[in-house]
Amino acid sequence: MKREEMFVQLMAVAQETPEMGQQLVAILSQERFHRQSMLATLLDDLQRRGAPAEFVECIGFLRDDETAARALELLRGRTH
């Protein structure tokens, strides 16, 4: 699956699962340093709990600043 498709799936899951969406908004709203640290913690937790590798990879995309900003816009309901 392509990166773009995985990103779209992640956004769909985050919008359909309020807890996940809220957690991602909370993380993505942070300044870069804190966002990176929180994502590292989340990724570690997901891996330890045996989350599907593809899902962990999708969350990892959010380490990229531009991807994180776009995801935050989408999760907050702004598409432009």
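**Exercise 1. Place Met-20 in its helix, and decide whether Met-20 is buried or exposed.**

Step 1. Met-20 sits in helix H2, residues 18-28. Helices here are DSSP runs of H or I with at least four residues, strands are runs of E with at least two, and both are numbered from the N terminus.

Step 2. The relative accessible area of Met-20 is 13%, so Met-20 is buried. The cut-offs are under 20% for buried, over 50% for exposed and partly exposed in between, with a 1.4 Å probe and protein chains only.

Step 3. Leaving out residues up to four places away in sequence, Met-20 touches Ala-14 and Phe-55. Contact means heavy atoms within 4.5 Å.

Step 4. Leu-10 is 10 residues from Met-20 in sequence, and the C-alpha to C-alpha distance is 9.8 Å.

A note on the basis: this is a predicted model, in which local features need pLDDT of at least 70, side-chain atom pairs count only at pLDDT 80 or more, and totals for chains, interfaces and linings use all residues. Residues are numbered from 1 along each chain as its sequence is written, and side-chain values use heavy atoms, with hydrogens and water left out.

**Exercise 2. Do the same for Thr-67.**

Step 1. Thr-67 lies in helix H5, residues 65-75.

Step 2. Its relative accessibility is 16%, so Thr-67 counts as buried.

Step 3. Beyond four places in sequence, Thr-67 touches Arg-3, Phe-7, Phe-61 and Leu-62.

**Exercise 3. Describe how H3 packs with H4.**

Step 1. H3 covers residues 32-48 and H4 residues 53-61. Their axes are 10 Å apart, at an angle of about 180°. Axes are lines fitted to C-alpha atoms, for helices over the stretch in contact, and angles run from 0 to 180 degrees between N-to-C directions.

Step 2. H3 is therefore roughly antiparallel to H4. That label applies over 145 degrees.

Step 3. From H3, Leu-39, Leu-42, Leu-43, Leu-46 and Gln-47 meet Phe-55, Val-56, Ile-59 and Gly-60 of H4.

Step 4. By class, this contact has 7 nonpolar, 2 polar and no charged residues. Ala, Val, Leu, Ile, Met, Phe, Trp, Tyr, Cys and Pro count as nonpolar, Asp, Glu, Lys and Arg as charged, and the others, Gly among them, as polar.

**Exercise 4. Summarise the chain: how many helices and strands, and what share is buried?**

Step 1. The chain has 5 helices and 0 strands. The pattern along the sequence is α-α-α-α-α.

Step 2. Of its 80 residues, 35% count as buried.

Step 3. Among contacts with a separation of 6 or more, 61% join residues 24 or more positions apart.

Step 4. The C-alpha trace spans about 35 × 30 × 25 Å along its principal axes.

Note on methods:
Angles under 35 degrees count as roughly parallel, over 145 as roughly antiparallel, 65 to 115 as roughly perpendicular and the rest as oblique.
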